[in-house]
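Visitor: I am new to this structure. Please take a close look at the largest pocket and describe what lines it.

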Amino acid sequence: MKAEVTWIEDLKFVGKTDKNQEIIFGSGDSTIVSPMEMVLMAAGGCSSVDVVDGLKSADQDITSCNAKLETTRRETAPKLFTVINIHFEVSGDNLDPELVAKACADSLEKYCSVCLMLGASVEMTHSWDIV
């Protein structure tokens with residue numbers, strides 16, 4: 001995996017992956033994503049993949065998955081995340097609550113690379129609802 005980040009102007013940058021996917025990000029401009037927001041969304045995206053895949057692998061008829069993330073950060077620089085909670089809202093036909101709970105827990109505790117990497121220094125918590 002490779003990536004490149006190029007300065008555009010002010011505190012705005014473009015990141016490009018080796019698959020030619022691009023995202024504009026930066027600081028000081030409320031119209032673009034900040035690097036910390038990208039980290040937070042990466043945790044939500046990575047863990048959501050695990051939840052959906054885990055439920056499909058358990059033959060659950062999942063139709064939607066929404067991860068809502070909330071975080072607490074240090075007040076002073078570096079403004080690191082101190083706590084991240086991921087609340088999963090899943091929908092489907094006859095979902096087994098025990099399997100939903102297991103898929104959500106397994107993501108944060110066993111499979112999600114982003115969450116496991118963050119969990120070394122951030123308190124990672126999760127919750128879930130079947131909606």
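Guide: What follows describes the largest pocket and then the protein around it. This is a predicted model, in which local features need pLDDT of at least 70 and side-chain atom pairs count only at pLDDT 80 or more, while totals for chains, interfaces and linings use all residues. Residues are numbered from 1 along each chain as its sequence is written, and side-chain values use heavy atoms, with hydrogens and water left out.

A pocket here is an open set of points on a 1 Å grid over the protein atoms alone, where a 1.4 Å probe fits, with protein on both sides within 12 Å along at least five of seven lines; lining residues have an atom within 4 Å of a point. The largest pocket has a volume (the space filled by probe spheres set on the points, which are joined across faces, edges and corners) of about 390 Å³. Its lining consists of 15 residues, and Ala3, Lys16, Thr17, Gln21 and Ile23 are those nearest the centre. By type, the lining holds 6 nonpolar residues (Ala, Val, Leu, Ile, Met, Phe, Trp, Tyr, Cys and Pro), 6 charged ones (Asp, Glu, Lys and Arg) and 3 polar ones (the others, Gly among them).

At least two lining residues come from each of strand 1 (3-9), strand 2 (12-17) and strand 3 (22-26). Strands (E, at least two residues) and helices (H or I, at least four) are DSSP runs, numbered from the N terminus. The protein has 6 strands and 3 helices, in the order β-β-β-α-β-β-α-α-β along the sequence. Its C-alpha atoms fill a box of roughly 50 × 35 × 25 Å, taken along the principal axes.
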